[in-house]
Amino acid sequence: MQKLFFPESIVVYGVSPVQSNLARNIVMNLTNFKYTGKIYCVGREEGEVFGRKIHKSISEIGCAPDLAVFLIPAKGIPEAVDSCGSAGVRCCVIESGGFSEFADESRSLEKDLLDIAARNNMRFVGPNCIGIINLENGMTLPFVPFDPSKMKKGPVSVLAQSGGVVVDFSRLFELENIGFSKMVSMGNKLNVNEADLLEYLVDDPATKTIVMHLESISNGEKILDIAGRTTKPIIVVKANNSPAGREIARFHTSALAGDDEIASAAFRQAGIHRLPNLQEVMEFIKVLSLPRLKGPNLAILCRSGGQAVILADAAHKHGFERAKMTPEFYSMVQKESRAGVIRATNPLDLGDIFDFNVYIKIVEGAIAQDGVDGVLLYHGYLGTFELETTKKLIRASHEISRKYGKPVLMFMIPDRDNWFAFKGMTDSPLFSEPDTAMKALALSLQHQKRTENPAPVEVRYAERPRPVQGGAPRPLSAGKAFALLEQYGLPVVPHAVADSETDCLAAAERIGYPVALKMGAAEILHKTEQKGVVLNIKSPGRLKKEFKAMQLRQGGGELVLQKMAAAGHELIIGGKRDREFGPMIVFGLGGVLVELLKDAAMRVAPVSELQAAEMVREIKGSRLLEGFRGNPPADVEALAAYIRKASLLICEHPEIMSIDINPLMLYEKGRGGFIVDAKIETVQA
């Protein structure tokens, strides 16, 4: 991977001296950004580009460059890559389009590329991308012209599936006066994918914050492992969130755990920050460029009373507290007030003060207090006569923030002529919209707390057993499903499987009346719709009658007899094998509420009992388990143990595609619970 970012020599394919030639732009970018290595050109036409000879083939060059960049028609890519591999090139960037993103019949080209790369021990980025930018060495590979004067080095690196998103990020960085280190347009991710690149950036000293734009996820389990071992903030914009591709809701778990919900849960569990759009990403990056927030207590200083209210509302919405300021601080502020009308409150309205040197004094006085974790400063200058003093205030706020190691978020809405002048004055960012800024600040606090108290690593997700590759999933019979659950210490209600009236009656005597009778055929998933459940059978005579009728409806075979479970909290524990993140565990309210409310918590499996307990507290219905309206508290400790065991079950059985434990009846503290019904779907190799 190092040679992809730090090659000592590059060969560019598809170069022509014609002004409109796109590969020519790659050579131009490398030249303008002062790439430190050697540059070679290959093309069909003779001539020169930026003083460099255009060769007809790599054999004319007389050496094996570290990196080859291709921008030629797709049908010619396999042969060109193979010739580079034979010459000793081991890294490529394939910018050409026209592969599987264009037409299914082009998949054969991708297969050829993968075969060639494997045979020659090569790695390549793309195809269908605009390549890599590395400002450390000036390696700028896009065929889109870039201006070096509009980019500066910084601690952020970006991985994006779309070349257009890379261009957009480069413009947003310029607009916000933010520097970056590296950007990669990944395209089809045929060989090098986001997990490979993320692993590199996590270990890259120049990268402090990582942003990923993903339309698909190539190796979710590896991403979770990598994220779990770094303290660097990782931000994801996950697009392509439509429900297309989800299975039909054969199991309740499928309805609760759609693809996008699983992605959000997995990212959250790994400490990856998922944001909905590029603008919110930029706000978070801006906050991360400040000293880290260590606590929730903020001092809010405003020149406008109306903006003070807006800022206070935004801070409260995102979980912040208004810091308690000392009497000495308020006394100092009152002395500086012209009319003595400033109230000792937080937010503090500074509208009566017109000396910006006093503003600086107040900002420092606020942030210096032990009970203040950060300062929000809204400043609205009144006209051009305050421009120079406003610039002084911006610089001073930046210096104060660095001096005390606490963030000062400065909010202002400048006029058009001075917007970029203000933003370019310091490395400290300016903010204009309170709500997104407060959301970003809350995420930074969340990241700081996670960094200070990392959760113990339960398992490396990438080391879990690989799923069985087989045919269509098929459900287990009720008897086999209950037996498997019992192997893992999960409490199934007393039951028996019977295929004759005699066995059924004998089992009822052992279990004790009243009992429930259910269809046992594996293929019947929704028994109530098939009249496959009869409850509260209290006598042998009634049991005989119902047994005969149900066997007739089922067409013979096994029926399941169960002890009638006492009423309790109806809950669901589900499991699902996701194609991107592997086995997941789901917990929520059961019974008829499961799909109506969709009140569920999800985690990548397996989970610890501590994580399981967090899942229980996470759902809105958790109040019902705590002893709502005088009812006794439920046995949530036993519940956490059940969730843990179910998560182990799906992890350790790679043939299981989904589990539905619904309902689990949970009783008051100390009494545990019983599984009343369960479905398990498996595939066979």
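pLDDT is the predictor's confidence in each residue, from 0 to 100. Across this chain its mean is 90, and 93% of the residues reach 70 or more. The structure is a predicted model, in which local features need pLDDT of at least 70 and side-chain atom pairs count only at pLDDT 80 or more, while totals for chains, interfaces and linings use all residues. Residues are numbered from 1 along each chain as its sequence is written, and side-chain values use heavy atoms, with hydrogens and water left out.

An open sheet of 4 strands is a good place to start, with the order β22-β25-β23-β24 and antiparallel pairing (strands, E, at least two residues, and helices, H or I, at least four, are DSSP runs numbered from the N terminus; two strands pair if DSSP finds at least two bridges between them). β22 (495-498) and β24 (533-537) are the edge strands, each with a single partner, so one side of each has no neighbour in the sheet. Inside the sheet, β23 (residues 515-519) and β25 (residues 559-563) run antiparallel and are joined by 5 bridges; Lys 518 has Val 560 of β25 as its bridge partner.

Two helices can now be added to the picture. Helix α18 (residues 501-511) packs against helix α19 (residues 540-554) at an angle of about 140°, their axes lying 10 Å apart (axes are lines fitted to C-alpha atoms, for helices over the stretch in contact, and angles run from 0 to 180 degrees between N-to-C directions). The two helices are therefore oblique to each other, since angles under 35 degrees count as roughly parallel, over 145 as roughly antiparallel, 65 to 115 as roughly perpendicular and the rest as oblique.
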